[in-house]
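Colleague: I would like a close look at a single part of this model. Please take it slowly, as I am new to reading structures.

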Amino acid sequence: MEFDLKKLLRTNILNLVPYSSARDEYKGEASVFLDANENSYGSPLSRNYNRYPDPMQQAVKAKLSLIKGVPVPNIFLGNGSDEAIDILFRAFCRPGIDNVILLPPTYGMYEVSANINDVQTKKILLTPEYQIDMEGVAEAIDEHTKIIFVCSPNNPTANSINRSDIETLIANFSGLVVVDEAYINYSRQKTFIQELTEYGNLVVLQTLSKAWGLAGIRMGMAFASEEIIEVFNKVKPPYNINEASQQLALEALSNVDQVNDWIREIILQREQVISKLIELPFVLNIVPSDANFILVKMVDPLGVYKYLVDNGIITRDRSKVQLCEGCIRITIGTPEENVLLINTLRAYLKS
Ligand SMILES: Cc1ncc(COP(=O)(O)O)c(C=O)c1O
């Protein structure tokens with residue numbers, strides 16, 4: 001399928017002259033910076049944050065590039081992947097005219113972001129096995145369909161979406177296919193970032209909020225062709241990643257071994273939690289999980305949810321979500337937290 005980025009982009013974005021910041025215009029090693037109206041005296045802190053951060057986050061991207069095997073020009077960093085999602089709508093979708101395809105039950109921000117941007121959503125429910133209804137998607141696509149969002153592993157169902165179906169979409173759709181891999185580190189499936197050279201219409205989202213344990217610093221990644229990344233960079237706020245987050249990310253990215261140990265441990269814990277939960281008589285089903293959470297079908301989900309809250313354990317009630325009827329979503333915690341969860345649920349029987 002022919003892919004023409006210029007045709008897909010909103011005309012105002014195609015013609016946009018981006019803001020040029022002080023740090024865009026001078027990048028050298030000068031010692032006196034009187035160009036950005038900063039406070040040259042410092043910050044009232046033990047560490048100085050008086051200078052604007054690198055708008056292109058070159059140091060963080062250089063490290064990520066080595067870890068991910070993706071060249072720097074193919075990487076965008078956002079204030080969480082939620083920022084990348086919002087930029088996709090703003091750059092590609094004309095409010096009130098264009099539409100995107102969502103595959104519920106899935107991550108809620110795609111729809112919220114669409115609504116904020118006044119972009120119509122066409123929702124094609126996943127099959128009962130939580131896979132893509134390929135015929136439904138094909139029928140829904142029209143000349144105003146700009147983006148298909150695929151979440152794999154999917155939130156809240158925890159399963160991976162069939163790779164061949166995602167490939168079929170990318171190969172046959174003339175708009176963008178966004179594959180949100182927020183939970184890819186826990187998956188048996190391999191990432192799509194190696195396919196970027198093959199497909200010009202592929203955008204892969206990942207985040208430091210999950211396996212990397214950095215939800216608090218707000219850093220998400222989009223991987224795509226250079227020309228798509230240039231669009232992200234044009235539209236983003238000039239200093240979208242603050243200096244503190246950039247420094248902390250750099251530090252954390254040197255600790256790959258710690259992250260890999262946690263991933264292995266969480267997968268192990270996940271399987272243990274599943275094997276113990278499934279023994280409980282009020283647990284009806286647990287979807288095979290490729291993520292750091294599980295979707296558990298129960299006899300009385302709301303009752304269990306409230307009982308857990310009363311015992312200081314917060315899970316996510318998903319029982320009102322279509323195709324997730326009867327389900328609560330449970331994140332895999334530390335071994336101690338998981339034991340507490342299981343023991344508390346065992347006591348539910350007697351409560
Ligand atoms: C599928 C999916 N994508 C993206 C995000 C948000 O990531 P970030 O913290 O990078 O904004 C989440 C968070 O729950 C998620 O479940």
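Which strands does helix α12 lie across, and at about what angle does α12 run to β11?

Modeller: Keep in mind that this is a predicted model. Helix α12, residues 301–310, lies across β9, β10 and β11. Its direction makes an angle of about 35° with that of β11.

To place those strands, look at the sheet. Four strands form an open sheet, and their order is β8-β9-β11-β10. The pairing in this sheet is antiparallel. The strands at the edges are β8, residues 283–286, and β10, residues 316–317. Each of these two has a single partner strand, so one side of each is left without a neighbour in the sheet.

Next, take the pair β9 and β11. Strand β9 covers residues 293–298 and strand β11 covers residues 327–331. The two run antiparallel and are joined by five bridges. To find one of the partners on screen, start from phenylalanine 293, whose bridge partner in β11 is threonine 331. A second helix, α11 (residues 256–277), also packs on the sheet. Helix α11 touches β8 and β9, and its direction makes about 10° with that of β9.

Now step back to the whole chain. It is divided into domain 1, made of 5–20 + 53–254, and domain 2, which is 257–348. Taken over C-alpha atoms, the centres of the two domains are 28 Å apart. Where the domains meet, 20 residues of domain 1 are in contact with 20 residues of domain 2. On the domain 1 side of this contact there are 12 nonpolar, six polar and two charged residues.

There is also a ligand to locate. The residues around the ligand include Gly80, Ser81, Asp82, Tyr107, Cys151 and Asn155. Others in that group are Asp180, Ala182, Thr207, Ser209, Ala215 and Gly220. By class, this shell has four nonpolar, six polar and two charged residues.

Last, consider one residue by itself. Phenylalanine 92 is in helix α5, which covers residues 81–92. Phenylalanine 92 counts as buried because it has 23 C-beta neighbours inside 10 Å, and the cut-off for buried is 20 or more. Leaving out residues up to four places away in sequence, phenylalanine 92 touches Leu8, Leu9, Arg10, Lys146, Ile147 and Leu176. Glutamine 246 is 154 residues from phenylalanine 92 along the chain, and 28 Å separate their C-alpha atoms.

Terms used. Residues are numbered from 1 along each chain as its sequence is written. This is a predicted model: local features need pLDDT of at least 70, side-chain atom pairs count only at pLDDT 80 or more; totals for chains, interfaces and linings use all residues. Domain bounds come from an automatic or database domain assignment. Two residues are in contact if their C-beta atoms, placed from the backbone, lie within 7 Å. Ala, Val, Leu, Ile, Met, Phe, Trp, Tyr, Cys and Pro count as nonpolar, Asp, Glu, Lys and Arg as charged, and the others, Gly among them, as polar. A residue is near a molecule or strand if its C-beta atom, placed from the backbone, lies within 6 Å of it. Two strands pair if DSSP finds at least two bridges between them. Axes are lines fitted to C-alpha atoms, for helices over the stretch in contact, and angles run from 0 to 180 degrees between N-to-C directions. A residue is buried if 20 or more other C-beta atoms lie within 10 Å of its own, exposed if 12 or fewer, and partly exposed in between; C-beta atoms are placed from the backbone.
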